[in-house]
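Student: I'm new to this one and would like a close look at a single part. Could you take me through the sheet, piece by piece?

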Amino acid sequence: MPAGTPPAGTPRPGGTRADATDAVFAALSDGTRRSLYANLGERGEATATDLARDLPVTRQAVQKHLGTLASAGLVATRRAGREVLYRPTPAPMSEALAWMAEVGAQWDDRLAALERQLARRAPHQPIG
Amino acid sequence: MDELVERELTVPNEIEEVWRSLSEPEWLGEDASIELREAGEVRAGERSGFVEEAEAPRRLVFWWSAPGEEATRVELDLDEADAGTHIRVTESRPLAILDGRDLAIELGVRGGGAGPTALAGGMLAGASR
(Lines give C-alpha, C1' and ligand atoms only; values in the text may rest on other atoms or scores of the structure.)
Protein backbone atom coordinates (compact mmCIF):
# COMPACT_ATOMS: atom_id res chain seq x y z
CA MET A 1 0.00 0.00 0.00
CA PRO A 2 1.21 3.50 -0.70
CA ALA A 3 2.25 5.65 2.23
CA GLY A 4 0.21 8.60 3.36
CA THR A 5 -3.55 8.80 3.42
CA PRO A 6 -5.27 5.67 2.19
CA PRO A 7 -6.60 6.22 -1.30
CA ALA A 8 -10.32 6.75 -1.51
CA GLY A 9 -10.36 3.97 -4.04
CA THR A 10 -9.50 1.26 -1.55
CA PRO A 11 -12.17 -1.36 -2.14
CA ARG A 12 -14.50 -1.79 0.77
CA PRO A 13 -14.41 -5.36 2.08
CA GLY A 14 -18.18 -5.68 1.99
CA GLY A 15 -18.56 -4.29 -1.51
CA THR A 16 -19.85 -6.62 -4.19
CA ARG A 17 -18.93 -6.76 -7.82
CA ALA A 18 -22.29 -5.20 -8.67
CA ASP A 19 -21.62 -2.24 -6.35
CA ALA A 20 -18.24 -1.85 -7.96
CA THR A 21 -19.78 -1.87 -11.44
CA ASP A 22 -22.30 0.78 -10.44
CA ALA A 23 -19.53 2.96 -9.06
CA VAL A 24 -17.52 2.60 -12.25
CA PHE A 25 -20.45 3.53 -14.45
CA ALA A 26 -21.37 6.48 -12.28
CA ALA A 27 -17.76 7.64 -12.33
CA LEU A 28 -17.48 7.32 -16.10
CA SER A 29 -20.90 8.79 -16.86
CA ASP A 30 -19.36 12.25 -16.77
CA GLY A 31 -17.51 13.53 -19.83
CA THR A 32 -14.93 15.49 -17.86
CA ARG A 33 -14.10 12.46 -15.77
CA ARG A 34 -13.76 10.30 -18.87
CA SER A 35 -11.34 12.85 -20.33
CA LEU A 36 -9.46 12.91 -17.06
CA TYR A 37 -9.25 9.14 -16.92
CA ALA A 38 -8.08 8.94 -20.53
CA ASN A 39 -5.56 11.68 -19.95
CA LEU A 40 -4.25 9.88 -16.91
CA GLY A 41 -4.00 6.72 -18.96
CA GLU A 42 -1.74 8.51 -21.44
CA ARG A 43 0.40 10.12 -18.78
CA GLY A 44 0.67 7.06 -16.59
CA GLU A 45 0.95 9.18 -13.48
CA ALA A 46 0.20 12.83 -12.81
CA THR A 47 -0.73 15.41 -10.20
CA ALA A 48 -4.07 17.21 -10.18
CA THR A 49 -2.20 20.33 -11.28
CA ASP A 50 -0.74 18.54 -14.32
CA LEU A 51 -4.16 17.27 -15.29
CA ALA A 52 -5.89 20.62 -14.80
CA ARG A 53 -3.56 22.15 -17.38
CA ASP A 54 -5.07 19.97 -20.09
CA LEU A 55 -8.67 20.57 -19.19
CA PRO A 56 -10.92 23.64 -19.09
CA VAL A 57 -11.63 23.14 -15.40
CA THR A 58 -10.01 24.29 -12.17
CA ARG A 59 -7.55 22.25 -10.20
CA GLN A 60 -10.15 21.98 -7.44
CA ALA A 61 -12.67 20.51 -9.86
CA VAL A 62 -10.06 18.08 -11.15
CA GLN A 63 -9.32 17.03 -7.60
CA LYS A 64 -13.00 16.37 -6.95
CA HIS A 65 -13.35 14.31 -10.11
CA LEU A 66 -10.24 12.34 -9.22
CA GLY A 67 -11.81 11.61 -5.86
CA THR A 68 -14.84 10.13 -7.62
CA LEU A 69 -12.64 8.06 -9.92
CA ALA A 70 -10.68 6.88 -6.89
CA SER A 71 -13.86 5.86 -5.08
CA ALA A 72 -14.77 3.71 -8.05
CA GLY A 73 -11.36 2.07 -7.91
CA LEU A 74 -10.33 3.55 -11.24
CA VAL A 75 -7.39 5.54 -9.95
CA ALA A 76 -4.92 5.05 -7.13
CA THR A 77 -2.83 7.66 -5.37
CA ARG A 78 0.73 7.89 -4.17
CA ARG A 79 2.26 10.65 -2.10
CA ALA A 80 5.62 12.00 -3.28
CA GLY A 81 6.84 14.73 -0.97
CA ARG A 82 4.17 17.43 -0.96
CA GLU A 83 2.51 16.11 -4.07
CA VAL A 84 -0.14 13.51 -4.60
CA LEU A 85 0.32 11.51 -7.75
CA TYR A 86 -2.60 9.80 -9.41
CA ARG A 87 -2.39 6.80 -11.66
CA PRO A 88 -5.03 4.69 -13.40
CA THR A 89 -5.56 1.21 -11.99
CA PRO A 90 -6.32 -1.86 -14.03
CA ALA A 91 -8.43 -3.23 -11.18
CA PRO A 92 -11.07 -3.93 -10.16
CA MET A 93 -13.67 -3.20 -12.78
CA SER A 94 -11.58 -2.52 -15.84
CA GLU A 95 -12.00 -6.21 -16.52
CA ALA A 96 -15.74 -5.65 -16.79
CA LEU A 97 -15.24 -2.65 -19.04
CA ALA A 98 -12.86 -4.61 -21.23
CA TRP A 99 -15.41 -7.39 -21.45
CA MET A 100 -18.11 -4.94 -22.47
CA ALA A 101 -15.91 -3.31 -25.06
CA GLU A 102 -14.97 -6.68 -26.55
CA VAL A 103 -18.48 -8.10 -26.54
CA GLY A 104 -19.85 -4.84 -27.90
CA ALA A 105 -17.44 -4.96 -30.81
CA GLN A 106 -18.38 -8.58 -31.49
CA TRP A 107 -22.05 -7.65 -31.69
CA ASP A 108 -21.30 -4.73 -33.98
CA ASP A 109 -19.69 -7.25 -36.34
CA ARG A 110 -22.44 -9.82 -36.00
CA LEU A 111 -25.24 -7.32 -36.56
CA ALA A 112 -23.43 -5.91 -39.58
CA ALA A 113 -23.19 -9.47 -40.92
CA LEU A 114 -26.86 -10.08 -40.18
CA GLU A 115 -27.76 -6.89 -41.99
CA ARG A 116 -25.78 -8.01 -45.05
CA GLN A 117 -27.34 -11.46 -44.86
CA LEU A 118 -30.83 -9.95 -44.77
CA ALA A 119 -30.05 -7.47 -47.53
CA ARG A 120 -29.25 -10.40 -49.82
CA ARG A 121 -32.62 -11.96 -49.04
CA ALA A 122 -34.63 -8.84 -49.79
CA PRO A 123 -32.61 -6.83 -52.30
CA HIS A 124 -35.52 -4.78 -53.58
CA GLN A 125 -37.65 -4.24 -50.54
CA PRO A 126 -39.95 -1.26 -51.21
CA ILE A 127 -39.49 1.53 -48.73
CA GLY A 128 -42.35 3.42 -47.09
CA MET B 1 -26.42 -4.53 -11.82
CA ASP B 2 -25.46 -7.03 -14.48
CA GLU B 3 -22.60 -6.41 -16.81
CA LEU B 4 -24.46 -5.76 -19.98
CA VAL B 5 -23.90 -4.95 -23.62
CA GLU B 6 -26.76 -3.70 -25.74
CA ARG B 7 -26.96 -3.10 -29.48
CA GLU B 8 -29.80 -2.19 -31.81
CA LEU B 9 -30.39 -2.45 -35.52
CA THR B 10 -33.33 -1.78 -37.83
CA VAL B 11 -33.54 -3.72 -41.08
CA PRO B 12 -36.04 -3.37 -43.95
CA ASN B 13 -37.03 -7.05 -43.78
CA GLU B 14 -40.21 -8.43 -42.31
CA ILE B 15 -40.06 -9.83 -38.83
CA GLU B 16 -40.68 -13.46 -39.91
CA GLU B 17 -37.83 -13.23 -42.36
CA VAL B 18 -35.50 -11.84 -39.73
CA TRP B 19 -36.49 -14.61 -37.36
CA ARG B 20 -35.75 -17.29 -39.95
CA SER B 21 -32.39 -15.72 -40.67
CA LEU B 22 -31.38 -16.22 -37.08
CA SER B 23 -31.39 -19.97 -37.64
CA GLU B 24 -29.16 -19.60 -40.70
CA PRO B 25 -26.47 -17.91 -38.77
CA GLU B 26 -23.84 -17.03 -41.28
CA TRP B 27 -23.92 -13.91 -39.19
CA LEU B 28 -22.49 -15.89 -36.27
CA GLY B 29 -19.76 -17.44 -38.36
CA GLU B 30 -19.47 -20.15 -40.97
CA ASP B 31 -20.17 -23.27 -38.96
CA ALA B 32 -22.57 -21.70 -36.55
CA SER B 33 -26.02 -22.99 -35.83
CA ILE B 34 -28.92 -22.18 -33.57
CA GLU B 35 -31.94 -24.42 -33.08
CA LEU B 36 -34.83 -22.01 -32.66
CA ARG B 37 -36.60 -23.93 -29.93
CA GLU B 38 -36.35 -24.16 -26.17
CA ALA B 39 -33.32 -26.22 -25.12
CA GLY B 40 -32.09 -26.10 -28.72
CA GLU B 41 -28.38 -26.23 -29.35
CA VAL B 42 -26.27 -23.17 -30.03
CA ARG B 43 -22.87 -23.45 -31.70
CA ALA B 44 -20.71 -20.64 -32.98
CA GLY B 45 -17.02 -21.15 -33.47
CA GLU B 46 -15.62 -22.38 -30.18
CA ARG B 47 -18.71 -21.24 -28.33
CA SER B 48 -21.52 -23.56 -27.44
CA GLY B 49 -24.68 -23.27 -25.45
CA PHE B 50 -28.41 -23.76 -25.41
CA VAL B 51 -31.61 -21.89 -26.07
CA GLU B 52 -33.45 -20.79 -22.98
CA GLU B 53 -36.44 -19.27 -24.69
CA ALA B 54 -37.68 -19.16 -28.28
CA GLU B 55 -40.86 -17.26 -28.96
CA ALA B 56 -41.21 -16.96 -32.73
CA PRO B 57 -40.85 -14.48 -34.26
CA ARG B 58 -40.14 -12.06 -31.43
CA ARG B 59 -37.79 -13.31 -28.81
CA LEU B 60 -34.79 -15.60 -28.58
CA VAL B 61 -32.77 -16.08 -25.42
CA PHE B 62 -29.73 -18.29 -25.26
CA TRP B 63 -26.70 -18.99 -23.11
CA TRP B 64 -23.28 -19.64 -24.49
CA SER B 65 -19.69 -19.82 -23.46
CA ALA B 66 -16.27 -20.41 -24.94
CA PRO B 67 -14.04 -22.98 -23.22
CA GLY B 68 -12.73 -21.57 -19.97
CA GLU B 69 -14.94 -18.52 -20.06
CA GLU B 70 -17.96 -17.56 -18.02
CA ALA B 71 -21.30 -18.35 -19.60
CA THR B 72 -23.18 -15.33 -20.85
CA ARG B 73 -26.82 -14.80 -21.71
CA VAL B 74 -27.91 -13.35 -25.04
CA GLU B 75 -31.37 -11.91 -25.61
CA LEU B 76 -32.59 -11.03 -29.09
CA ASP B 77 -35.84 -9.10 -29.28
CA LEU B 78 -37.51 -8.41 -32.61
CA ASP B 79 -40.22 -5.80 -33.14
CA GLU B 80 -42.12 -4.56 -36.14
CA ALA B 81 -40.84 -1.11 -37.06
CA ASP B 82 -42.23 1.44 -39.50
CA ALA B 83 -40.38 0.06 -42.49
CA GLY B 84 -39.11 -3.28 -41.32
CA THR B 85 -37.92 -4.87 -38.14
CA HIS B 86 -36.15 -3.50 -35.14
CA ILE B 87 -33.63 -5.86 -33.54
CA ARG B 88 -32.32 -5.40 -30.06
CA VAL B 89 -29.62 -7.62 -28.67
CA THR B 90 -28.29 -7.71 -25.15
CA GLU B 91 -25.53 -9.91 -23.82
CA SER B 92 -24.95 -10.08 -20.11
CA ARG B 93 -22.97 -11.87 -17.46
CA PRO B 94 -25.71 -12.21 -14.92
CA LEU B 95 -24.14 -13.37 -11.70
CA ALA B 96 -27.35 -13.37 -9.68
CA ILE B 97 -29.32 -15.26 -12.29
CA LEU B 98 -26.64 -17.83 -12.90
CA ASP B 99 -26.26 -18.34 -9.19
CA GLY B 100 -29.81 -19.27 -8.45
CA ARG B 101 -30.95 -20.63 -11.71
CA ASP B 102 -31.68 -24.33 -11.89
CA LEU B 103 -32.31 -24.16 -15.60
CA ALA B 104 -28.75 -23.26 -16.39
CA ILE B 105 -27.49 -26.07 -14.22
CA GLU B 106 -29.91 -28.68 -15.54
CA LEU B 107 -29.20 -27.91 -19.13
CA GLY B 108 -25.51 -27.87 -18.37
CA VAL B 109 -23.79 -24.59 -18.83
CA ARG B 110 -20.26 -25.80 -19.27
CA GLY B 111 -17.12 -23.79 -19.59
CA GLY B 112 -14.13 -25.95 -20.50
CA GLY B 113 -14.94 -28.73 -18.05
CA ALA B 114 -15.83 -26.36 -15.26
CA GLY B 115 -19.25 -27.25 -13.90
CA PRO B 116 -21.80 -24.62 -12.95
CA THR B 117 -20.55 -24.58 -9.38
CA ALA B 118 -17.00 -23.92 -10.44
CA LEU B 119 -18.30 -21.31 -12.83
CA ALA B 120 -20.23 -19.49 -10.13
CA GLY B 121 -17.32 -19.97 -7.74
CA GLY B 122 -14.97 -18.36 -10.19
CA MET B 123 -17.26 -15.41 -10.59
CA LEU B 124 -17.61 -15.02 -6.84
CA ALA B 125 -13.87 -15.27 -6.39
CA GLY B 126 -13.60 -12.38 -8.80
CA ALA B 127 -16.09 -10.42 -6.74
CA SER B 128 -14.52 -10.96 -3.36
CA ARG B 129 -11.11 -9.59 -4.15
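Tutor: Sure, but before we get to the sheet, one stop in chain A: just after helix 4 of chain A, Gly73(A) takes a positive phi of about 80 degrees. Keep in mind that everything here comes from a predicted model.

Now for the sheet, which belongs to chain B. This open sheet has seven strands in the order 1-7-6-5-4-3-2, and the pairing is antiparallel. Its edges are strand 1 (3-11) and strand 2 (33-34) of chain B, each of which pairs on one side only. Helix 1 (residues 15-22) of chain B packs on this sheet, where it touches strand 1, strand 2, strand 5 (59-65), strand 6 (72-81) and strand 7 (84-93) of chain B. The direction of helix 1 makes about 155 degrees with that of strand 6 of chain B.

Let's start from the strand 1 edge. Strand 1 of chain B pairs with strand 7 of chain B over nine bridges, in the antiparallel sense. Look for Leu9(B) there: it stands opposite Ile87(B) in strand 7.

Next in the order comes strand 6 of chain B. Nine bridges tie strand 6 of chain B to strand 7 of chain B, again antiparallel, and a hairpin of two residues links these strands. One pair to find is Asp79(B), whose bridge partner in strand 7 of chain B is His86(B).

Further across, strand 3 (residues 41-44) and strand 4 (residues 47-55) of chain B run antiparallel and are joined by four bridges. Here Val42(B) has Gly49(B), in strand 4 of chain B, as its bridge partner.

As you trace any of these, remember that in a regular strand the side chains alternate between the two faces of the sheet.

Conventions. Residues are numbered from 1 along each chain as its sequence is written. Chains are lettered from A and ligands numbered from 1 in the order in which they are written. This is a predicted model: local features need pLDDT of at least 70, side-chain atom pairs count only at pLDDT 80 or more; totals for chains, interfaces and linings use all residues. Two strands pair if DSSP finds at least two bridges between them. Two residues are in contact if their C-beta atoms, placed from the backbone, lie within 7 Å. Axes are lines fitted to C-alpha atoms, for helices over the stretch in contact, and angles run from 0 to 180 degrees between N-to-C directions.
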